[in-house]
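Hi everyone, thanks for coming. I'd like to walk you through one structure today, so have a look at the screen and follow along with me.

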Amino acid sequence: MSNNEVLDFLRAKNPYELEYLQAVEEVIGSVRKVLDRHPEYESLKILERLTEPERIISFRVCWMDDNNEVQVNRGYRVQMNSAIGPYKGGLRFHPSVNYSILKFLAFEQIFKNALTSLPLGGAKGGSDFDPKNKSDNEIMRFCQAFMLELYRHIGDFTDIPAGDIGVGAREIGYLFGTYKKIKNEFTGIITGKGEYWGGSAIRPEATGYGLIYFASHMLETKDDSLEGKKCLISGSGNVAQYAIEKILDKGGVPITASDSNGFIYDPDGIDREKLAYIKKLKNGDRGRIKKYTEVYTEAKYTAYSHDDDHNPLWKIEADCAFPCATQNEVNALDAQTMVKNKLLVLAEGANMPCTPEAISILQSSAVLYAPGKATNAGGVAVSGLEITQNRMGVYWNREQVDNNLKHIMKDIHNVCLKVAAEYGSPGNYLEGANIFAFVKVAEAMKAQGII
Ligand code: NDP
């Protein structure tokens with residue numbers, strides 16, 4: 001089938017899965033050149049097979065809230081592709097979770113995991129459960145109920161979940177504890193565990209740190225660095241917090257952070273003390289980012305409005321942009337504004353934060369643009385290192401894991417550029433990432449036969 005035929009087929013089959021279709025279309029746009037060089041991939045129907053999940057599990061999750069009322073949510077696991085290793089990908093707890101969101105994330109995960117050089121297949125899961133305004137006990141009961149079903153579908157050589165939006169250290173602890181209790185075994189079936197009970201050093205930091213390592217390599221291609229650069233960051237969760245931390249290490253000046261209600265702009269820069277405040281606010285008190293301006297009065301808070309046709313955070317003049325909140329948070333208008341403001345780099349911390357229109361505007365400008373499947377792969381890479389440590393029964397210290405992470409991010413950066421150049425699109429990180437990962441997975445599928 002031609003690209004268009006594959007897309008038309010998927011549109012007809014999954015008409016309401018807009019995010020999923022968006023993610024597939026982006027990859028298909030890059031791999032036509034590969035199919036021309038490898039006609040056998042077409043006869044083996046690699047694209048058609050890659051875009052059909054190997055397995056989707058959906059299940060009821062019943063739990064009791066603090067008022068002794070029964071609550072019912074839906075849980076999911078999308079096991080997308082296991083050609084190069086056991087399924088691996090995070091769990092997202094957010095009211096917007098549905099088949100489309102999880103299939104897009106699982107599809108992206110196949111390519112991201114292939115880029116890390118580790119033997120990990122692609123998956124994603126989660127629930128439409130909203131952790132906001134829930135007590136710790138409610139979170140624990142929900143996680144226990146969720147794992148009561150999920151446990152039968154995962155295992156350390158089958159499928160190893162991790163965190164994502166709404167699933168942090170607290171949730172991973174409850175999920176792991178429940179699995180251990182049900183199975184009576186202490187195995188590494190989930191990553192992002194606490195460092196004293198099977199977790200890896202640097203795992204909480206890995207996605208944000210890896211993102212900034214990658215962006216530094218992008219700037220190096222222009223003989224430049226993050227030193228003194230003003231940086232826009234969206235989000236204030238796991239990825240955003242550690243991106244800010246690493247920007248500070250590199251001498252950059254982070255000036256924004258956000259949550260789903262609005263964003264803060266601190267013209268003096270978010271320094272280490274202010275970052276510690278954000279961490280406590282978001283991870284400990286679970287408060288809203290608006291509170292930052294009550295303590296640091298030089299900063300300005302802007303609430304998001306549903307009427308906005310774009311995100312006003314991206315209007316602020318800066319050198320670098322790191323969207324670290326959620327999908328489609330940078331649209332064409334935002335991209336145009338950033339190009340006008342002479343942005344140097346946009347590196348994605350979140351998964352698919354730029355719309356296709358935003359990507360093409362950035363790519364046809366002087367802005368260096370790189371996709372999340374390459375730039376945020378540090379998280380799953382260190383998860384892969386956590387799995388290795390669990391299997392070997394060893395602990396690697398911060399320096400060892402951080403060095404590994406640095407090497408992996410540098411290799412991903414370089415392979416994206418190398419492959420993009422080989423395929424006639426020098427400097428196109430998106431194409432390089434898609435093609436490298438696609439060929440790797442396609443070769444594995446070819447070797448393993450029609451299954
Ligand atoms: P967290 O839950 O820790 O933080 C998410 C942040 O984004 C919060 O500030 C949240 O605000 C904000 N946010 C979430 N949804 C929306 C929305 N619809 N509109 C505006 N803001 C929103 O998640 P992570 O930091 O872990 O994940 C952020 C992104 O990075 C996601 O795209 C995730 O898939 C991706 N990612 C994460 C990895 C990881 O290791 N954690 C690895 C690779 C990618 P609020 O508190 O109001 O909800």
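**Where two domains meet**

Let's begin at the border: across the interface of domain 2 and domain 3, three residue pairs are in polar contact, with both partners at pLDDT 80 or more. And yes, pLDDT is the clue here: what you're looking at is a predicted model.

Which part of domain 2 gives the most to the side that touches domain 3? That's helix α5, residues 99-115, with seven residues. If you sort the residues on that side of domain 2 by type, you get six nonpolar, seven charged and no polar ones.

Okay, let me zoom out for a second. The domain assignment splits the chain into domain 1 (1-45), domain 2 (53-186) and domain 3 (206-375). In the contact we've been talking about, domain 2 puts in 13 residues and domain 3 puts in 11 residues. Measure from centre to centre, using the C-alpha atoms, and domain 2 and domain 3 are 27 Å apart.

How do people put a number on an interface? Often they give the accessible area that is lost when the parts come together. For domain 2 and domain 3, the buried area is about 1,000 Å², and carbon and sulfur atoms give 49% of that. On the domain 2 side, the residues that lose the most area to domain 3 are Phe 104, Glu 108 and Lys 112, and together they make up 43% of what that side buries.

Keep an eye on Glu 108, please. Its side chain meets the side chain of Lys 373 in a salt bridge, 3.2 Å from N to O. Across this interface, the rule finds one salt bridge.

**Salt bridges elsewhere**

Quick reminder: side chains of opposite charge can pair when their charged atoms come close. The structure as a whole holds 31 salt bridges. One of my picks is Asp 136 with Arg 170, at 2.6 Å from N to O. Asp 136 sits in helix α6 (residues 136-150) and Arg 170 in helix α7 (residues 169-183), so this pair ties together parts that are 34 residues apart in sequence.

**The ligand**

Last stop. How many residues surround the ligand? There are 25, and the closest are Asp 164, Thr 207, Ser 260, Arg 288 and Asn 351. Asp 164 has a polar side-chain atom 2.6 Å from an oxygen atom of the ligand. For Lys 132, a polar side-chain atom lies 3.0 Å from a ligand oxygen. And an N or O atom in the side chain of Arg 203 is 3.1 Å from an oxygen atom of the ligand.

That's my tour, thanks for listening!

Notes
Residues numbered from 1 in each chain as written. Predicted model: local features only at pLDDT ≥ 70, side-chain atom pairs only at ≥ 80, totals over all residues. Heavy atoms only, no water. Domains from an automatic or database assignment. Contact = heavy atoms within 4.5 Å. Buried area = accessible area lost by both parts, 1.4 Å probe. Salt bridge = Lys/Arg side-chain N within 4 Å of Asp/Glu carboxyl O. Polar contact = N/O pair within 3.5 Å; in protein donor to acceptor, adjacent residues only side chain to side chain. Helix = DSSP H or I, 4+ residues; strand = E, 2+ residues; numbered from the N terminus. Nonpolar A, V, L, I, M, F, W, Y, C, P; charged D, E, K, R; others polar. Near = heavy atom within 4 Å.
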